[in-house]
Amino acid sequence: MIPMQPRYAIYFAPAPTSALWQLGSAWLGRDAATGEVPPRPAVPGVTVTQADTLTIPPRQYGFHATLKAPFRLRDGVPADELEAAVARFAATRAPFAVRLGVDHLNGFLALRPRCASRELHDLADGCVREFEPFRAPLDAGERTRRHQNGLSPEEERNLSEWGYPYVFEQYRFHMTLTKCLKPEVRETLEPALDALFQPLLDEPVMIASICLFHQADRSRDFWLVRRFPFA
């Protein structure tokens, strides 16, 4: 059996002092920057116990949007080299803004762009390519997990080449809010979460940094290690 190994990921995450980070973390039930469990916001028709169940999968990852999906480091590559590379990359980027709203994607609810953003795709594409040299090849278990939901031929090629199916043309920026839901649950919960988040989304969200997250092993939570502001 292959021993459990740490994983890293490149994410967008709002600043920990921002109202959006605080609300997103409170809804998920964990602050990935501090480890605190914030008071859960009231959502009509949703009990605290129900909210805990609805948010189990995204809680482990923290409030974020994926740019470079979780990966193990190649053998012999120290984590500080990855940090230095992320800092160099961030220094070449310029801030931009996107408008987000609550929407559904593949059965779960998430914050998603209200319209297409070339800047978001360019940022995600750049992260996928720039940090690929640090990624260890997928092991058999990782491949099996990715195949459980079924993949299209192009997603299969992405998995083989980049270690993640949803890159480039298949990339969809999203900040996950729930697990996969039954249609009737999603239809009820979507307007409730929209009402919860909308006051913070009237103004565009600034994408002005990227973050390095770390997971000690697959049974643990992801934590925000360091934020890298754009130049």
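**Exercises on a sheet and a cavity**

Three strands, ordered S4-S5-S6, make up an open sheet with antiparallel pairing. Strands are DSSP runs (E, at least two residues) and helices are DSSP runs (H or I, at least four), numbered from the N terminus; two strands pair if DSSP finds at least two bridges between them. The model is predicted: local features need pLDDT of at least 70, side-chain atom pairs count only at pLDDT 80 or more, and totals for chains, interfaces and linings use all residues. Residues are numbered from 1 along each chain as its sequence is written, and side-chain values use heavy atoms, without hydrogens and water.

**Exercise 1.** Identify the edge strands, then describe the pairing of S5 with S6 and the packing of helix H8.

*Solution.*
1. Strand S4 (100–105) and strand S6 (175–176) are the edges, each pairing on one side only.
2. Strand S5 (residues 108–113) pairs with S6 in the antiparallel sense over 2 bridges.
3. In this pairing, leucine 111 stands opposite methionine 175 of S6.
4. Helix H8 (residues 183–201) packs on the sheet and touches S4 and S5, contact meaning heavy atoms within 4.5 Å.
5. The direction of H8 makes about 160° with that of S4; axes are lines fitted to C-alpha atoms, for helices over the stretch in contact, and angles between N-to-C directions run from 0 to 180 degrees.

**Exercise 2.** Determine which strand gives the most to the lining of the largest cavity.

*Solution.*
1. The lining includes Leu67, Lys68, Ala69 and Pro70, and also Trp162 and Tyr164.
2. Strand S2 (residues 65–71) gives the most, with 4 residues.

Definitions and conventions: On a 1 Å grid over the protein atoms alone, a cavity is a set of points where a 1.4 Å probe fits but cannot get out, and a pocket is an open set with protein on both sides within 12 Å along at least five of seven lines; lining residues have an atom within 4 Å of a point.
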